[in-house]
Amino acid sequence: MTVCPSIHTLVSSIAELPPDLRQIAERLYMVEHEHAGSSQITRVFNRWLHEGTSFDARRVRPVPGNEAIERLQEQCESDPECEFCRSNIVRLLERRPEARVQDGCLSLTPISRFARHHRVFFSAEHHPLPTRSMRAVIEQMFSCSERWALEEQDDRQSPLRFYFVAWNILCGSAIHGHIQASLTSAFAQASVEHLMRTRLDYAARYASDFFNDVAAVSDALGLAVRGGQAIAMPSLTPVKECEVWLLQPAVSPANLPEDLLSLMTRTMLRLADDGPACKAFNVAVAFPPLLPTAGWEGFPVFCRIVDRGWPLLGVPDWGAMEMFGTRIVANDPWHVAGQIK
Ligand SMILES: [Zn+2]
């Protein structure tokens with residue numbers, strides 16, 4: 001693995017196993033005897049974002065048993081008790097006066113919010129990852145959310161500039177497909193603010209755009225996938241498995257551009273296609289400020305997708321190393337690029 005030294009630093013080493021552990025490794029990782037005694041650990045550090053990941057191909061997460069997967073698939077297909085499905089929406093609207101159905105999308109204000117202006121938008125489909133209608137589902141939820149953001153932003157003494165969408169697929173409080181949108185005024189969500197400041201520092205040092213240079217590195221390494229004005233690229237320092245960055249210049253405020261929508265749909269379907277169905281994903285989309293704001297000029301619509309495995313089945317993928325040290329990931333960016341191309 002080689003990466004651009006001006007953005008990333010890389011260290012690769014071979015970790016040897018003592019002879020008495022080789023047999024266990026052979027069985028655990030199902031590798032040939034001659035490969036059981038050592039493994040390659042590659043550590044990559046992004047010098048601008050101060051984020052890093054250790055890649056070890058043997059740290060593949062366990063796949064739950066068929067019975068558990070089938071049970072989860074049934075819950076994804078339909079749930080007569082789901083309060084967000086069409087058959088039960090009337091009862092929900094009676095209980096929650098602030099809930100609305102507009103353009104085929106149910107929306108409500110969550111009781112527990114992460115910002116004062118926080119709204120949840122439910123897809124017309126119960127299935128959180130409907131492979132046959134994925135593009136329509138994403139388009140519907142994001143266009144309903146866009147309309148809300150633009151309406152909320154009007155006529156405020158303290159302008160709501162920062163629009164952010166978080167989407168938990170099978171790793172949130174409800175299985176029914178839904179996204180969470182927030183609008184904030186003083187500063188953006190912390191990780192987005194961090195990216196913006198990194199981009200400013202990078203431009204001051206190199207007179208170049210950070211995202212353009214990351215894309216150029218991905219192109220040079222054969223990792224990038226382009227679709228019109230949008231680009232998708234596996235992160236070289238993924239936060240967890242199969243993280244992909246997607247971006248495109250903004251077209252209009254709070255709008256998910258067409259090319260990005262198409263590439264996002266394609267990327268999610270390709271990632272979901274790997275292994276048993278009903279895997280969980282985290283998706284986030286950060287938008288440039290809704291109003292002209294110093295320092296944010298040219299900031300793109302920026303999306304991150306991460307494969308979370310099966311948290312609903314009690315298979316954890318996040319531990320002390322991820323929280324306080326370095327992310328430990330099995331799939332390297334070339335494996336991910338092979339999946340999404
Ligand atoms: Zn439902």
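Strand 10 (residues 230-234) and strand 11 (residues 244-248) are antiparallel partners joined by four bridges. Helices (H or I, at least four residues) and strands (E, at least two) are DSSP runs, numbered from the N terminus, and two strands count as paired if DSSP finds at least two bridges between them. What you have in front of you is a predicted model, where local features need pLDDT of at least 70, side-chain atom pairs count only at pLDDT 80 or more, and totals for chains, interfaces and linings use all residues. Residues are numbered from 1 along each chain as its sequence is written.

**Strand 11 and its surroundings**

Within the pairing of strands 10 and 11, I231 has L247 as its bridge partner. Strand 11 also pairs with strand 13 (residues 301-309), antiparallel and through five bridges. L247 takes part here too, with F302 as its bridge partner in strand 13.

How many of the five residues of strand 11 are buried? Five of the five are, so the strand is largely enclosed by the rest of the structure. Buried means that 20 or more other C-beta atoms lie within 10 Å of the residue's own; 12 or fewer makes a residue exposed, anything in between is partly exposed, and the C-beta atoms are placed from the backbone. In a regular strand the side chains alternate between the two faces of the sheet. In strand 11, V244, L246 and Q248 point one way, W245 and L247 point the other way, and all are buried.

Two of these residues also stand out in the largest nonpolar core, which has 71 residues: V244 and L246 join Y163, L260 and C303 as the residues that touch the most other members. Helix 4 (residues 134-153) contributes the most to this core, with seven residues. A nonpolar core here is a set of buried Ala, Val, Leu, Ile, Met, Phe, Trp, Tyr and Cys residues joined through C-beta atoms within 7 Å.

Leaving aside residues up to four places away in sequence, V244 touches A232, M233, P234, S235, T267, I305, V336 and I340. Such a contact requires the C-beta atoms of two residues, placed from the backbone, to lie within 7 Å.

**The four-stranded sheet**

Another region to look at is an open sheet of four strands in the order 1-2-3-14, with mixed pairing. Strand 1 (8-16) and strand 14 (327-329) are the edge strands, each pairing on one side only. From one strand to the next, the twist averages 20°, based on axes that are lines fitted to C-alpha atoms (for helices over the stretch in contact), with angles from 0 to 180 degrees between N-to-C directions. Strand 3 pairs with strand 14 in the parallel sense over three bridges, and F55 stands opposite V329 of strand 14.

Beyond strand 3 (51-55), the loop leading to helix 2 (66-77) holds A57. A57 and Q40 are 17 residues apart in sequence, while their C-alpha atoms are 7.8 Å apart in space.

**Loops and a hairpin**

Strands 4 and 5 form a hairpin with two residues between them, pairing in the antiparallel sense over three bridges. Q102 has C105 as its bridge partner in strand 5. Strand 5 in turn pairs with strand 6 (residues 117-122), again antiparallel and over three bridges, and L106 stands opposite F122 in strand 6.

Two loop residues have a positive phi although they are not glycines: H50, at about 55°, and D103, at about 50°. The table sets out the surroundings of three loop residues.

| Residue | Loop between | Other C-beta atoms within 10 Å | Class |
|---|---|---|---|
| H50 | strand 2 (38-46) and strand 3 | 10 | exposed |
| A57 | strand 3 (51-55) and helix 2 (66-77) | 16 | partly exposed |
| D103 | strand 4 (100-102) and strand 5 (105-108) | 12 | exposed |

**The chain as a whole**

Stepping back, the chain has nine helices and 14 strands. Its radius of gyration is 21 Å, close to the 20 Å that the globule rule gives for 341 residues, so the chain is as compact as a globular protein of that length. The radius is taken over C-alpha atoms, and the rule is 2.2 Å times the number of residues to the power 0.38. Along the principal axes, the C-alpha atoms fill a box of roughly 65 × 55 × 35 Å.

Of the 341 residues, 34% count as buried. Among contacts with a separation of 6 or more, 68% come from residues 24 or more positions apart.
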